[in-house]
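User: Hi! I would like to learn how to read the features of a protein model, one step at a time. Could you walk me through this one?

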Amino acid sequence: MGNPFNNTEIAFSLKSNRELRKAHFLFKMMGYPSLINFGSAVMMKSLQWRLPVKGLIKHTVFEHFCGGTTEEECKSVVDSMYLKGVSSILDYSVEGKEDEADFNVVVDKKLKLIKHAAHSDALSFEVVKPTGIGRFYIWQKVTEKKELTAAEQAEWQRIKDRVLLLSQTAYDNDIALLFDGEESWMQDAADELIRDMMLQFNKEKAIIYNTLQCYRHDRLDYIKELYNDAIENNFIVGVKIVRGAYMEKERARAEEMNYESPICANKMATDEMFNSAMYFILDHLDVIKLCIGTHNESSTLHAMEILTKKGIAANNKDVWFGQLYGMSDNLTFNLAQMNYNTFKILPFGPIRDVMPYLIRRAQENTSVAGQTGRELILIRQEMKRRGL
């Protein structure tokens, strides 16, 4: 059997000729890292100076990687993907806020999205970023087990209250809630809090999911500990595995502060960690429910092979495959065509606020070995098939 992810007719079935040409242009540009870095800086400055660039941004990079500026604008994308068997996770992708008022806005938005998802078969999950609902500094201080001032203790309690409110609302609405993984020096506090939510709400099924960034060399040990904890305390574990998003930052900080880097030595070691974590979880699906967040074809094929060997149906709800909107359509739509549970993470929000997310996506495509090239090859293949 050939590579099932080479079918570009299925992969790009939702893209018009115009959208396909635009995607070709964008990924071609991403082949030039210096151009992406320069363009990103210019766009951010232009927005700060309120220059009229929103239209340009909206109709290029924003349109490719985001569903819209509001959840209402995302509806047509959600509906069209669901017709192809692909679910969506609406992600209000506003980042880098520091004020309590901003955190409360995010929580209110997430609560609304959880309740919205409860009325749509196309929306099986919601997602929340821990630092989107509380200051990074507080997460870090709790992780480092440093004493909090009275004001900081009150702030930490508010963060815990927000996490509990979101988790309770997800449970009440029967919508799974994915917590994103972040930098290692704030992650322990998040891991402990999310584990407590699993203990409380994951008695019958996985409602609360944590994210494991597998470029960290301690994550297999962590998932094994979590498994034993779940057996001992009678709860179900929800896990999303990804390779990771903060590698350069992690290594630089470890070097600067002279501690052992938490990151795997190289790409091969990261792949081994990801696959080992995946194999362990697929061996223990009675206790751990899995979302495989990857743009890597090899890992996806491995997972499919294991499910087949174990006689686990493609559409078994204990296993989901997920990719980011605007990337790896060849994985998402071909998986859905083969009846696997798949989702796209669909970011949305005001253009100005979503720019940090967009810049990270563009830079990720320039830095991930082969990603841009692979996207371009597939797009050109489909353009040729259509005679464009």
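Analyst: Gladly! Let us begin with a term: a residue is buried if its relative accessible area is under 20%, exposed if it is over 50%, and partly exposed in between. Keep in mind that this is a predicted model. As a first case, F125 and Y209 are both buried.

User: How many aromatic pairs are there, and how do I read one of them?

Analyst: A pair of aromatic rings is described by the distance of the centres and the angle of the planes. In this model the count is 10 aromatic pairs. One of them joins F125 and Y209, with 5.6 Å from centre to centre and 70° between the planes, an edge-to-face arrangement. F125 belongs to strand β2 (residues 125-128) and Y209 to strand β4 (residues 208-213), so this pair ties together parts that are 84 residues apart in sequence.

User: What is the arrangement of the rings of Y171 and F201?

Analyst: Their centres are 5.5 Å apart and their planes stand at 45°, so that pair is tilted. It also links distant parts of the chain: Y171 is in helix α8 (residues 150-173) and F201 in helix α9 (residues 184-201), 30 residues apart.

User: Is Y171 buried, partly exposed or exposed, and what about F201?

Analyst: Y171 has a relative accessibility of 35%, so Y171 counts as partly exposed. F201 has a relative accessible area of 4%, so F201 is buried.

User: Which residues form an aromatic cluster?

Analyst: F125, Y209, W320 and F343 form one aromatic cluster. You have already met two of its members, F125 and Y209, as an edge-to-face pair.

User: Which charged end sits over the ring of Y222, and which residue lies over the face of F274?

Analyst: Over the ring of Y222 you find the charged end of R219, 4.5 Å from the ring's centre. For F274 the partner is R243, which lies over the face at 4.3 Å from the ring centre.

User: Now the sheet. What is the order of its strands, and is the pairing parallel or antiparallel?

Analyst: Strands of a sheet pair through backbone hydrogen bonds, either parallel or antiparallel. Here an open sheet of eight strands runs in the order β1-β8-β7-β6-β5-β4-β3-β2, and the pairing is parallel. Its edge strands are β1 (86-92) and β2, each pairing on one side only. From one strand to the next, the twist averages 30°.

User: How many bridges join strand β3 to β4?

Analyst: Two bridges join strand β3 (residues 176-179) to β4, and these strands run parallel. Opposite L177 you will find I208 in β4.

User: Which strands does helix α6 touch?

Analyst: Helix α6 (residues 100-117) packs on the sheet and touches β1, β2, β3 and β8 (342-348). The direction of α6 makes about 160° with that of β1.

User: What span should helix α2 have?

Analyst: Helix α2 (residues 17-29) has 13 residues, so at 1.5 Å a residue it should span 18 Å. The expected span uses one less than the number of residues, because that is how it is defined. The end C-alpha atoms of α2 are 19 Å apart, which agrees. Buried residues of α2 are L20, K22, A23, H24, L26 and F27.

User: Where does R352 lie, and which residues does R352 touch?

Analyst: R352 lies in helix α15 (residues 351-367). At 28% relative accessibility, R352 counts as partly exposed. Leaving out residues up to four places away in sequence, R352 touches L47, Q48 and R50. R352 and L47 are 305 residues apart in sequence, yet 6.6 Å apart in space, C-alpha to C-alpha.

User: What separates the C-alpha atoms of G373 and G31?

Analyst: These C-alpha atoms are separated by 7.7 Å, while the two residues are 342 residues apart along the chain. G373 lies in helix α16 (residues 371-386) and, at 36% relative accessibility, counts as partly exposed.

User: Last topic, the backbone: what is phi of D174, and what is phi of N258?

Analyst: Phi of D174 is near 55°, a positive value in a residue other than glycine. D174 is in the loop between α8 and β3, and with a relative accessible area of 46% D174 is partly exposed. N258, also not a glycine, has a positive phi of about 60°. N258 is in the loop between α11 (247-256) and α12 (267-282), and at 71% relative accessibility N258 counts as exposed.

Definitions and conventions. Residues numbered from 1 in each chain as written. Predicted model: local features only at pLDDT ≥ 70, side-chain atom pairs only at ≥ 80, totals over all residues. Heavy atoms only, no water. Phe/Tyr/Trp six-rings, centres within 6.5 Å; stacked < 30°, edge-to-face > 60°. Helix = DSSP H or I, 4+ residues; strand = E, 2+ residues; numbered from the N terminus. Buried < 20%, exposed > 50% of the residue type's maximum accessible area, 1.4 Å probe, protein only. Lys NZ or Arg CZ within 6 Å of the ring centre and 35° of its normal. Pairing = 2+ DSSP bridges. Axes fitted to C-alpha atoms, helices over the stretch in contact; angles between N-to-C directions. Contact = heavy atoms within 4.5 Å.
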